[in-house]
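User: I would like a close look at the sheet of this model, with its pairing and what packs on it.

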Amino acid sequence: MPVAAKHSLPKTDISVSAALSESLDSKSIEPTTSKNPISVIRKRPDFVAANRGKRFVSPGFVLLIHKRRTGHVAGQHSIRYGITVTKKIGNAVIRNRMKRRFRALIAEILPYHGIVGADHILIGRKQKQEPAFEAMRADLEKGLKHLAKKF
């Protein structure tokens, strides 16, 4: 099969693709209107400490919220979140899909309804059918509002 010569191929604008890749590489989920930084919980002791906090149970997940102690490294003006999905949920494809959906929910809702100075943990629950995204969003908003009253 004949191949086109290099000089006959269209020229691409490298600056546009570099700017696009830079904007896609940023991992910030913070919207422009939020003043409180959002970060990810990565250390096991923080997950264990959050287990002592308040909890809200819904069909798709369990939401744990734990106020951080004063003097914590993360600071009192930040919102942190963590996601836990165990192997009981299903295979890797199902677990990864659930984590992606949780991250999308967090990016959308936590900056506006999250509790400042607290750690938020979402623990996935096994279901026969994957719940609708709108139902998960409504459950998360309901859980955040319910737990905000307890602090």
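How many residues lie between β2 and β3 in the hairpin that they form?

Analyst: Three residues lie between β2 and β3 in that hairpin. The model is a predicted one, in which local features need pLDDT of at least 70 and side-chain atom pairs pLDDT 80 or more, while totals for chains, interfaces and linings use all residues. Numbering starts from 1 along each chain as its sequence is written, and side-chain values use heavy atoms, without hydrogens and water.

The setting of the hairpin comes first. The protein has four helices and five strands (DSSP runs of H or I over at least four residues, and of E over at least two, numbered from the N terminus). Read from the N terminus, these elements follow one another as α-β-α-β-β-β-α-β-α. The five strands make up an open sheet of mixed pairing, and across it their order is β1-β4-β5-β3-β2 (a pair of strands needs at least two DSSP bridges). At the edges of the sheet are β1, residues 38-40, and β2, residues 54-57, each of which pairs on one side only. On average, neighbouring strands are turned by 20° against each other, with direction ignored (axes are lines fitted to C-alpha atoms, for helices over the stretch in contact; angles between N-to-C directions run from 0 to 180 degrees).

Back to the hairpin: β2 and β3 run antiparallel and are joined by four bridges. Within this pair, V57 stands opposite V62 of β3. The edge strand β1 pairs with β4, residues 79-84, in the parallel sense, over three bridges. Here V40 has Y81 of β4 opposite. In general, strands of a sheet are held in such pairs through backbone hydrogen bonds, either parallel or antiparallel.

Two helices are to be placed against these strands. Helix α3, residues 92-113, packs on the sheet and touches β1, β3 (61-67), β4 and β5 (118-124) (contact means heavy atoms within 4.5 Å). The direction of α3 makes about 160° with that of β4. Helix α4, residues 133-149, lies across both strands of the hairpin, β2 and β3, as well as across β5. The angle between α4 and β3 is about 30°.

Strand β4, the partner of β1, also holds R80. R80 counts as buried because its relative accessibility is 8% (buried is under 20%, exposed over 50%, partly exposed in between, with a 1.4 Å probe and protein chains only). The side chain of R80 makes a polar contact of 3.2 Å with the side chain of D46 (a pair of N or O atoms within 3.5 Å, one able to donate a hydrogen and the other to accept it; residues adjacent in sequence count only through side-chain atoms of both). With neighbours within four places in sequence left aside, R80 is in contact with S39, I41, D46, R68, H72, A74, A118, D119 and H120. Of these, A118, D119 and H120 fall in the range of β5, residues 118-124, and S39 falls in that of β1, residues 38-40.

For the protein as a whole, 33% of its 151 residues count as buried. Of the contacts between residues at least 6 apart in sequence, 76% join residues at least 24 apart.
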